[in-house]
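Let's take a walk through this structure together, one piece at a time. Have the sequence and the 3D view open as you read.

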Protein chains: 2
Amino acid sequence: MDKVKQIIKDKGQRFTSQKKEILNVLQQKPQTVFEIYTAVNSKKNHMNKVTVYRILTSFLELGIVNKVQFNDKEARFELSNSGHHHHLVCEVCGLIEDIQLPENIFLKEVKNKTDFKIKSHSLEFFGICDRCQ
Amino acid sequence: MDKVKQIIKDKGQRFTSQKKEILNVLQQKPQTVFEIYTAVNSKKNHMNKVTVYRILTSFLELGIVNKVQFNDKEARFELSNSGHHHHLVCEVCGLIEDIQLPENIFLKEVKNKTDFKIKSHSLEFFGICDRCQ
DNA sequence: AGTATTATTGCAAACAGATTGCAATAAGTC
DNA sequence: GACTTATTGCAATCTGTTTGCAATAATACT
């Protein structure tokens, strides 16, 4: 949290209560704009939807959050402090679990097959989680 | 094309000139709604945007096309006759190349690490193509 | 080929998600 | 505590997508 605060201040921007709240909400899991908006408005305090959009856009530019797209679903925002990883998405309950994979196993394969210079990739799995089976 | 025609007719639906045109456009590469709409309207014949949406939705339901999402970019539609594959997306020119990978190499890895029952996955690569380097 | 049936198209309007302009507010500095 | 200015909230706007409905055209039948 303090690290994020520093990133914000270093850019001459302000660490407002709204930003703090959104950070708290994102601590739990990757969430859609709607989910974030709902979460920060459940209690007595109100936050405008426009503010949520603006803060998320700003966080994205500062590299504080990542935007992840699961197929044709809505985009989700996740804190980017946890390094590169992949996701397991439960198609029943919507649970999202992180997973780390040794990527060389397929990056090497790609290098053999094509002349593309790979910069990044996204790999997501869809299925049914332990609980929902 | 005749195969697609059969799928449509088997459902009691009609093989219209508009559907034919959209199929032709998709033959080239995966495209966004906007691109498809533009392509079918470049010539003298006009097609309403609503029609494009409706046909794409219908094709999606019939399994004639697939919807693919590349990160935070707009969704694209591609003909689904080519079986499961992955994509290489050039971040400079936007070229999209298909690639087949032996998937066991990472599916096995996932099975070892989690109790998720995997149903499907998406794997896309972003980088710079041969030409743009 | 001509006619009847009904899926499909085009248009206008509605809808939803995201963005912008601007005055009021509050974070950070002195 | 007062000042400066980034940020917020509100209203309005914009863009992408969907819906209702009458006109059109693809198919089946004679």
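**Hairpins, domains and a shared strand pair**

A good place to begin is a hairpin in chain A: β3(A) and β4(A) form it, with five residues between them. In its turn, A:Gly94 has a positive phi of about 85 degrees. Please keep in mind that you are looking at a predicted model. The two strands of this hairpin run antiparallel and are joined by four bridges. If you would like one pair to find on screen, look for A:Val89, whose bridge partner in β4(A) is A:Ile96.

Chain B offers another hairpin to look at, built from β1(B) and β2(B), again with five residues between the strands. Here the turn residue with a positive phi is B:Asn71, at about 45 degrees. Strand β1 of chain B covers residues 65–69 and strand β2 of chain B covers residues 75–79; they run antiparallel, and five bridges join them. Within this pairing, B:Asn66 stands opposite B:Glu78 in β2(B).

Now step back to see chain A as a whole. How many helices and strands does chain A have? There are five helices and five strands, and along the sequence they follow the pattern α-α-α-α-β-β-β-β-α-β. Taken along the principal axes, the C-alpha atoms of chain A fill a box of roughly 55 × 40 × 25 Å.

The domain assignment divides chain A into domain 1, residues 2–81, and domain 2, residues 84–127. Over C-alpha atoms, the centres of domain 1 of chain A and domain 2 of chain A are separated by 24 Å. Where the two domains meet, eight residues of domain 1 of chain A are in contact with six residues of domain 2 of chain A. Between them, domain 1 and domain 2 of chain A bury about 580 Å², with 70% of that area on carbon and sulfur atoms. On the domain 1 side of this contact, the elements that give two or more residues are β1 (65–69) and β2 (75–79) of chain A. By residue class, that side of domain 1 of chain A divides into three nonpolar, two polar and three charged.

What about specific polar interactions across this domain boundary? Two residue pairs are in polar contact between domain 1 of chain A and domain 2 of chain A, while the count of salt bridges there is zero.

Salt bridges do occur elsewhere, though: a search of the whole structure finds two over all chains. A:Glu35 forms a salt bridge with A:Arg76, and the closest N and O atoms are 3.1 Å apart. Since A:Glu35 lies in helix α3 (residues 33–41) of chain A and A:Arg76 in strand β2 of chain A, the pair ties together parts that are 41 residues apart in sequence.

Let's finish where the two chains meet. Chain A and chain B each bring 38 residues to the contact. Together they bury about 3,400 Å², 66% of it on carbon and sulfur atoms. Which three residues supply more of the area that chain A buries against chain B than any other three? They are A:Phe116, A:Ser122 and A:Phe125, which supply 18% of it. The rule finds zero salt bridges across the interface of chain A and chain B, but the count of residue pairs in polar contact between these chains is 12.

Several elements of chain A give two or more residues to the side that touches chain B: β1, β3 (86–90), β4 (96–99), α5 (104–113) and β5 (117–128). Of these, β5(A) gives the most, with 12 residues. The residues on this side of chain A divide into 18 nonpolar, nine polar and 11 charged.

The strand β5(A) also pairs across the interface. 11 bridges join β5(A) to strand β5 (residues 117–128) of chain B, and the two strands run antiparallel. To trace one of these bridges yourself, start at A:Ile118 and look across to its partner in β5(B), B:Gly127.

Note on methods. Residues numbered from 1 in each chain as written. Chains lettered and ligands numbered in written order. Predicted model: local features only at pLDDT ≥ 70, side-chain atom pairs only at ≥ 80, totals over all residues. Heavy atoms only, no water. Domains from an automatic or database assignment. Contact = heavy atoms within 4.5 Å. Buried area = accessible area lost by both parts, 1.4 Å probe. Salt bridge = Lys/Arg side-chain N within 4 Å of Asp/Glu carboxyl O. Polar contact = N/O pair within 3.5 Å; in protein donor to acceptor, adjacent residues only side chain to side chain. Nonpolar A, V, L, I, M, F, W, Y, C, P; charged D, E, K, R; others polar. Pairing = 2+ DSSP bridges.
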